[in-house]
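Please look over the fold below. This report walks through its sheets, a helix and some single residues.

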Amino acid sequence: MINGPSRRALFAGTLAGLALPAALPASAEATARGSLPARPNIVLVLADDLGWGEIGSQGQRKIHTPNLDRLAAEGVRFDTAYAGAPLCAPSRCALLTGLHAGHGTVRENPEGKEQHALLDADLTFAELLQLAGYRTALFGKWGFGPEQPDQESHPNVRGFGEFFGYITHKHAHQYYPEYLWHNGAKVHLGGKSYAPDLFRERAITFIDQNKDHPFLLYYASNLPHAPSVVPGGDAGEYRDEPWTIQNRRHAEQVSRLDRDVAALVDALREAGVARRTLVLFMSDNGPHHEKGVTPRLFDSNGPFRGDKRELYEGGIRIPVIAWSPTLRHRVETRPVTFWDVLPTLADLAGVPVPAHLDGRSFRGLLTGGGAPRHEHLIWNRPRKAQAIRRGRWKVVRWAPHIGGAGPNGRVELYDLNKDIGERHNLAAAKPLLAEELCAELDAAIGPDPRLPYGLRTEVSGDEVVVTLHNGSKVPWRDVRINLDKAGKADAHTVSVIEPGTAFSAGFPVPSGRIVARADFEANGRSHVFRRKHVQVHQRIVLTH
């Protein structure tokens with residue numbers, strides 16, 4: 001545990017100058033737009049329970065979000081973007097792993113039970129980019145596995161070189177926490193620091209420290225999740241509004257998030273890396289109505305029905321903005337989803353995309369090109385509700401005795417082209433179509449379909465076994481595996497590893513840390529993977 005001076009040394013300089021930045025300056029980098037650099041830095045900002053309609057670029061009028069609005073006006077605004085689920089844990093699992101909640105490891109929230117964990121079989125976008133040489137960090141809310149450092153669901157094991165924040169969902173409800181985790185140790189705060197301010201300042205430091213390397217920053221703020229807590233106890237610029245104190249503070253939480261994003265973009269500019277960086281902004285599900293917050297006051301779900309926890313559009317439609325000084329402004333109407341993020345980041349980083357994902361890369365949509373289309377989109381809340389969208393048609397299916405359904409459940413069918421508010425159930429009028437979509441939904445839900453991917457290490461006695469798994473769709477050729485910094489003469493080679501197969505070799509255990517290395521060619525490009533050996537506790541068993 002870290003106490004007293006150690007904590008101050010860790011965060012030297014990060015608690016100073018917490019004055020909030022002004023709105024983003026007009027871009028002076030508007031030339032040469034329309035493309036992205038190879039292997040860009042990635043800053044992925046994830047809001048917590050921010051509704052589709054809670055920012056100005058989506059029509060919000062009561063809450064002020066000038067910085068996000070400017071990013072939307074300069075970059076790509078995705079008008080038909082979907083979260084992985086209508087609530088936190090399964091949605092974030094879909095974001096991290098590229099699988100929808102019908103295939104992913106985590107398919108529901110803890111709901112008062114033990115928090116679900118990611119497993120060794122899971123490959124996150126952070127692990128993928130870390131393999132390819134990116135510096136990686138997570139600041140904010142994690143939400144998987146127990147509060148202990150050396151287990152396979154910890155962020156450090158799941159690809160994040162630095163982690164500062166909350167491990168569990170419940171802990172993330174505390175805006176003035178007694179402690180936060182920094183990697184494998186607790187940083188004691190005594191309930192005196194506003195956590196989002198610490199996340200922002202630590203993220204700014206990370207950007208400056210890693211400006212000379214490709215980096216991935218996953219900024220998972222807990223704003224504006226309930227409770228509606230802001231520094232000082234007032235509601236900032238909304239203090240005089242004729243709303244309840246909970247609604248005034250909620251509005252201030254959203255505006256604080258907007259200013260935090262501005263601070264990150266300012267940091268990118270000051271570090272000289274803005275043009276080499278893609279910023280993705282999104283929310284994990286629809287707006288919440290918890291602890292006195294009234295989404296209807298703000299029109300938080302826009303024209304959509306429902307909010308958090310519901311599979312109507314209001315519960316799963318989210319704001320998504322992609323910004324870089326090199327992008328041209330456009331509004332993209334083709335649907336994109338959380339499970340598209342991993343293959344997109346792999347595509348941007350030039351890494352072989354894992355096979356058997358539910359997601360599709362939308363890299364082409366960032367620059368006005370094409371992208372593979374989804375046959376359908378799937379959402380799954382086990383024992384509660386499920387949904388499928390195919391083109392204009394959407395089915396919402398309720399389990400028995402859930403959501404007002406009877407003993408046989410209920411099926412609802414909507415034509416989203418004519419009824420975006422999902423008010424007119426056409427299931428009785430089109431029973432064959434409803435039945436067809438339900439059958440397609442059933443077929444899309446099942447076990448994890450992925451192949452093992454990447455580097456694995458296992459130490460047995462005085463030997464370390466390094467295994468390279470080709471979990472992509474293409475052969476990996478001219479493969480050489482070794483321990484990093486070892487001589488080439490010590491490497492083991494093979495001409496090709498076909499998709500779905502692996503290549504292993506043993507090496508004497510070195511002194512110091514163990515880092516495995518693999519060199520290979522795929523898709524006409526040379527690749528180098530590196531992975532540090534981490535010893536973790538026995539696998540955490542999860543039942544869906």
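The sections below go from the sheets to a helix, and then to single residues.

## The ten-strand sheet

This is a predicted model. One open sheet is built from ten strands, ordered S7-S6-S5-S4-S8-S1-S9-S10-S2-S11. Its pairing is mixed. Strand S7 (185-188) and strand S11 (330-332) stand at the edges. Each has a single partner strand, so one side of each lacks a neighbour in the sheet. From one strand to the next, the twist averages 15°.

At the S11 edge, the partner is strand S2 (residues 76-78). S2 and S11 run parallel and are joined by three bridges. One of the residue pairs is Val76 with Arg330, its bridge partner in S11.

## Helices across the ten-strand sheet

Helix H2 (residues 66-74) lies across S2, strand S9 (277-283) and strand S10 (320-323). H2 runs at about 65° to S10.

Helix H5 (residues 195-209) also lies across strands. These are strand S4 (135-141), strand S5 (162-166), strand S6 (179-182) and strand S8 (215-220). H5 runs at about 175° to S8.

## The four-strand sheet

Another open sheet has four strands in the order S20-S19-S22-S23. The pairing here is antiparallel. Strand S20 (492-497) and strand S23 (525-532) are the edge strands, and each pairs on one side only. The twist averages 20° from one strand to the next.

Strand S22 (residues 515-522) runs antiparallel to S23, and eight bridges join the two. Within this pair, Ala518 has Phe529 of S23 as its bridge partner.

## Two hairpins that share S14

Strand S14 (385-390) takes part in two hairpins, one with S13 and one with S15. S14 is mostly covered, with five of its six residues buried.

Start with S13 and S14. They pair in the antiparallel sense over five bridges. Asn380 has Gln386 of S14 as its bridge partner. Three residues lie between the strands of this hairpin. In the turn, Arg383 has a positive phi of about 65°.

Now take S14 and S15. These strands run antiparallel too, joined by six bridges. Gln386 appears again: its bridge partner in S15 is Arg397. Two residues separate the strands of this hairpin, and Gly391 takes a positive phi near 60°.

## Helix H11: a buried side and an exposed face

Helix H11 spans residues 431-443, 13 residues in total. From first C-alpha to last it reaches 18 Å, close to the 18 Å expected at 1.5 Å a residue. Which residues of H11 are buried? They are Leu433, Ala434, Leu437, Cys438, Glu440 and Leu441. These residues cover an arc of only 160° around the axis, which puts them on the same side of H11. In general, residues three or four places apart in an α-helix point the same way, because there are 3.6 residues a turn.

The face turned away from the buried side carries the exposed residues Leu432, Glu435 and Ala443. What covers the buried residues of H11? The cover includes strand S13 (377-381), strand S14 (385-390), strand S15 (393-398) and strand S16 (410-415). Both hairpin partners of S14, namely S13 and S15, are thus part of the cover of H11.

## Cysteines

How many disulfides does the structure hold? It holds zero. For Cys88, the closest cysteine sulfur is in Cys93, 11 Å away and too far for a bond. The cut-off for a disulfide is a pair of sulfur atoms within 2.5 Å.

Is Cys88 buried or exposed? Cys88 counts as buried, at 5% relative accessibility. Cys438, in H11, also counts as buried, at 9% relative accessibility. The cut-off for buried is under 20%.

## Ile316

Ile316 sits in helix H8 (residues 313-316). At 0% relative accessibility, Ile316 counts as buried. What does Ile316 touch, leaving out residues up to four places away in sequence? Its contacts are Ala81, Tyr82, Ala83, Ala85, Pro86, Glu310, Leu311, Trp379 and Lys394. Among them, Trp379 falls in the range of S13 (377-381), and Lys394 in that of S15 (393-398).

Ala117 is 199 residues from Ile316 in sequence. In space, Ile316 and Ala117 are 22 Å apart, C-alpha to C-alpha.

Key. Residues numbered from 1 in each chain as written. Predicted model: local features only at pLDDT ≥ 70, side-chain atom pairs only at ≥ 80, totals over all residues. Heavy atoms only, no water. Expected span 1.5 Å × (residues − 1). Buried < 20%, exposed > 50% of the residue type's maximum accessible area, 1.4 Å probe, protein only. Arc of directions from axis to C-beta. Contact = heavy atoms within 4.5 Å. Pairing = 2+ DSSP bridges. Axes fitted to C-alpha atoms, helices over the stretch in contact; angles between N-to-C directions.
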